[in-house]
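Please open the model in your viewer and get your selection tool ready. We will go from stop to stop, with something to pick out at each one.

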Amino acid sequence: MSRRLAGLTLEPSFLELSEPEIAVGLNRLVARGVNRVVVAPLMLFAAGHVHHDIPAAVDQAARRHRDLEVHFARHLGYDRRVAALSRRRASESLGGGPTASEATALVLIGRGSRDARATAEMHRFAARRGMDGAAEVHVGFLAMARPRLPETLAMVAQRPVRRVVVQPHLLFPGRLSEEVEAQVRAAAEAATDRRWYCSGVLGPDSLVAEAVCTRVRRAVAAMARIEPSH
């Protein structure tokens, strides 16, 4: 992103579990002479973190800097580059071969949320991403939304397909992607009459970086059109 956003100062921050936290990131920007900030949430879908947690953390941290102007870029949602990367990851899990096959089921697994809007976004992403010629596409979730991953895998194990490609629709590797991999291995041991594949997560990748940068550029352009109130 730094290479693509020449002239802008970038600082990574985390909402929770990792450092630096959001307040530290904003403090670093202010210390470098920044007084206008675009917050870009690295989130695939807009659930509680995008609607509430990140804005609240940013607002609390920004109160310490009276002249700091803050704007928010959109989350990723559906983006043609993210969709292309999703298709690439599925192909990579098959050794670079095509997913096109009447005997193939594609399973997209999201993190899950109690926010119905985020769940609907996941289903819209799957529909717009396309099937790549697979016989069928299914959506499941790791938590808080249905169907859960075990339910989805058990259902697909009953479908008339010979191979199943499971793709964790997650930005980065970690505990959640490891959980997907473990459950796919268990499904493969239980249903040996078909081949099971688990793809890698989406990022980091230049396609993700460019998708986020597009949203940052739009936010910067919107800032330029807003007349100051003082």
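Start inside, in the largest nonpolar core. Select L44, F45, L76, V82 and M122: of the 23 residues in this core, these touch the most other members. Now colour the elements around them, since α3, α4, β4 (134-141) and α7 (206-225) each supply at least two residues of the core. The largest share, five residues, comes from α7. In soluble globular proteins, nonpolar side chains tend to be buried together.

Keep L76 selected and show its contacts. Leaving out residues up to four places away in sequence, L76 touches M43, L44, V82, L171, A211, V212 and R215. Then look for a second, separate core of 18 residues, which includes I109, L142, L149 and W196.

**The whole chain**

Zoom out for a moment. This is a predicted model, and its chain has seven helices and six strands. Follow the ribbon along the sequence and you will read α-β-α-β-α-β-α-β-α-β-α-β-α. Along the principal axes, the C-alpha atoms fill a box of roughly 70 × 30 × 25 Å.

How many of the 230 residues count as buried? The share is 45%. If you switch on a contact map, restrict it to contacts with a separation of 6 or more: residues 24 or more positions apart account for 77% of those. On the surface, the chain exposes about 12,600 Å², with carbon and sulfur atoms supplying 51% of that area.

**Rings and a buried arginine**

Next, select Y78 and F125. A search of the whole structure finds one aromatic pair, and these two residues form it: the pair is tilted, with 5.7 Å centre to centre and 55° between the planes. Y78 lies in the loop between β2 (69-72) and α3 (80-93), while F125 sits in helix α4 (residues 116-129), so the pair ties together parts that are 47 residues apart in sequence.

Is each ring residue buried or exposed? Y78 is partly exposed, at a relative accessible area of 27%, whereas F125 counts as buried at 1%.

Stay in helix α4 and move to R129. R129 is buried, with a relative accessible area of 3%. Show its surroundings and Y78 turns up again: apart from residues up to four places away in sequence, R129 touches Y78, A83, S86, R87, A90, L106, L108 and Q167.

**A kinked helix**

Now pick helix α2 (residues 48-62). Its 15 residues reach 20 Å from the first C-alpha to the last, close to the 21 Å expected at 1.5 Å a residue. Where does α2 kink? Look at I54, where there is a kink of about 25°, shortly before the proline P55.

Show side chains for V50, I54, V58, A61 and A62, which are buried. An α-helix has 3.6 residues a turn, so residues three or four places apart point the same way. The buried residues of α2 pack against α1 (22-31), β1 (36-39) and β2.

**Two distances to draw**

Select G174, in the loop between β5 (163-168) and α6 (175-190). G174 is partly exposed, with a relative accessible area of 27%. Draw a line from its C-alpha to that of V201: the two residues are 27 apart in sequence and 9.5 Å apart in space.

For the second line, go to A209 in helix α7. Its C-alpha is separated by 38 Å from that of A190, and these residues are 19 apart along the chain. A209 is buried, with a relative accessible area of 13%. Leaving aside neighbours within four places in sequence, A209 is in contact with M1 and R4.

**Backbone stops**

Finish with the backbone. The peptide bond from E19 to P20 is cis, with omega near 5°, and P20 lies in the segment before α1. Another cis peptide bond joins G203 and P204, with omega about 0°; P204 is in the loop between β6 (195-198) and α7.

Then check phi at L17 and D132. L17, in the segment before α1, has a positive phi near 75° without being a glycine, and counts as exposed at 85% relative accessibility. D132, in the loop between α4 and β4, is not a glycine either, and its phi is about 55°. D132 is partly exposed, with a relative accessible area of 26%.

Note on methods
Residues numbered from 1 in each chain as written. Predicted model: local features only at pLDDT ≥ 70, side-chain atom pairs only at ≥ 80, totals over all residues. Heavy atoms only, no water. Phe/Tyr/Trp six-rings, centres within 6.5 Å; stacked < 30°, edge-to-face > 60°. Helix = DSSP H or I, 4+ residues; strand = E, 2+ residues; numbered from the N terminus. Buried < 20%, exposed > 50% of the residue type's maximum accessible area, 1.4 Å probe, protein only. Core = buried A, V, L, I, M, F, W, Y, C linked by side-chain atoms within 4.5 Å. Contact = heavy atoms within 4.5 Å. Expected span 1.5 Å × (residues − 1). Bend = angle between axes of the 7 residues up to and from the residue. Areas by Shrake-Rupley, 256 points an atom, 1.4 Å probe, with all protein chains shown as cover.
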